[in-house]
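Biologist: Please take a close look at one part of this model, the enclosed space inside it, and then describe the elements that surround that space.

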Amino acid sequence: MTTQTQSLSDQLLDLLAAGYEAPEGTTSETRFDLLGFDSLVLVEVAVDLTRRYGVQVTDDELQEAGTVAGTVELLRSKGVDA
C-alpha cells in the first residue's frame, strides 16, 4: 500500500512497528508509555515525522499527544493531510 492510499494512522503504526519495534497488536489508542517509548525514542520519532511530513514536530508534542490517534490530530492541526 502506498503512502497516498494508506491512512495517516496506518502510516504512523507502520513507522512505529518498522522503525521502533512497536509490538504486533499496537493500535492507534495504545499509549506511547505502554510501548516503552522513553523521551529519547520520542525525539527520534519526532525527527522522523518532521522529515516525512515537512512540519516541525517536537518530542514534547508527541508526549502530550500520547498515542498514534493523538499524533494524527497533531499532524492534522499542522496541515498534514495524508
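Modeller: In this predicted model, a search of the whole structure returns one cavity of 30 Å³ or more. The space within the largest cavity amounts to about 40 Å³. Its lining consists of Leu12, Leu15, Leu16, Phe32, Val45, Leu49, Val68 and Thr71. Sorted by class, seven residues of this lining are nonpolar and one is polar, while no charged residue takes part. Helices H1, H2 and H4 each contribute at least two residues to the lining, and H1 provides the largest share, with three residues.

Helix H4 merits a closer description. H4 spans residues 68-77, and its buried residues are Val68, Thr71, Val72, Leu74 and Leu75. These buried residues lie on the same side of H4, because the arc they cover around the axis is only 160°. An α-helix has 3.6 residues a turn, so residues three or four places apart point the same way. On the other side of H4, Glu73 and Ser77 are exposed. Two of the buried residues of H4, Val68 and Thr71, are also among the residues that line the largest cavity.

The cover over the buried residues of H4 includes three helices: H1 (8-20), H2 (39-53) and H3 (59-65). Of these, H1 and H2 also appear in the lining of the cavity, with at least two residues each.

Both ends of H4 show local features. At its start, a side-chain oxygen of threonine 67 comes to within 3.4 Å of the backbone nitrogen of alanine 69. Just after H4, glycine 79 adopts a positive phi of about 95°.

Helix H3 can be followed through one of its residues, leucine 62. Leucine 62 has a relative accessible area of 1% and is therefore buried, the limit for that term being under 20%. Beyond its neighbours within four places in sequence, leucine 62 is in contact with Phe32, Leu42, Val45, Ala46, Leu49, Val57, Thr71 and Leu74. Among these partners, Thr71 and Leu74 belong to the buried residues of H4. Phe32, Val45, Leu49 and Thr71, which are likewise contacts of leucine 62, are found in the lining of the largest cavity. For alanine 46, another of the contacts, the C-alpha to C-alpha distance to leucine 62 is 7.2 Å, although 16 residues separate the pair in sequence.

Terms used:
Residues are numbered from 1 along each chain as its sequence is written. This is a predicted model: local features need pLDDT of at least 70, side-chain atom pairs count only at pLDDT 80 or more; totals for chains, interfaces and linings use all residues. Side-chain values use heavy atoms; hydrogens and water are left out. Buried means under 20% relative accessible area, exposed over 50%, partly exposed in between (1.4 Å probe, protein chains only). Helices (H or I, at least four residues) and strands (E, at least two) are DSSP runs, numbered from the N terminus. The arc is that of the directions from the helix axis to the C-beta atoms. Contact means heavy atoms within 4.5 Å. A polar contact is a pair of N or O atoms within 3.5 Å; within protein, one must be able to donate a hydrogen and the other to accept it, and residues adjacent in sequence count only if both atoms are side-chain atoms. On a 1 Å grid over the protein atoms alone, a cavity is a set of points where a 1.4 Å probe fits but cannot get out, and a pocket is an open set with protein on both sides within 12 Å along at least five of seven lines; lining residues have an atom within 4 Å of a point. Grid points are joined across faces, edges and corners, and a volume is the space filled by probe spheres set on the points. Ala, Val, Leu, Ile, Met, Phe, Trp, Tyr, Cys and Pro count as nonpolar, Asp, Glu, Lys and Arg as charged, and the others, Gly among them, as polar.
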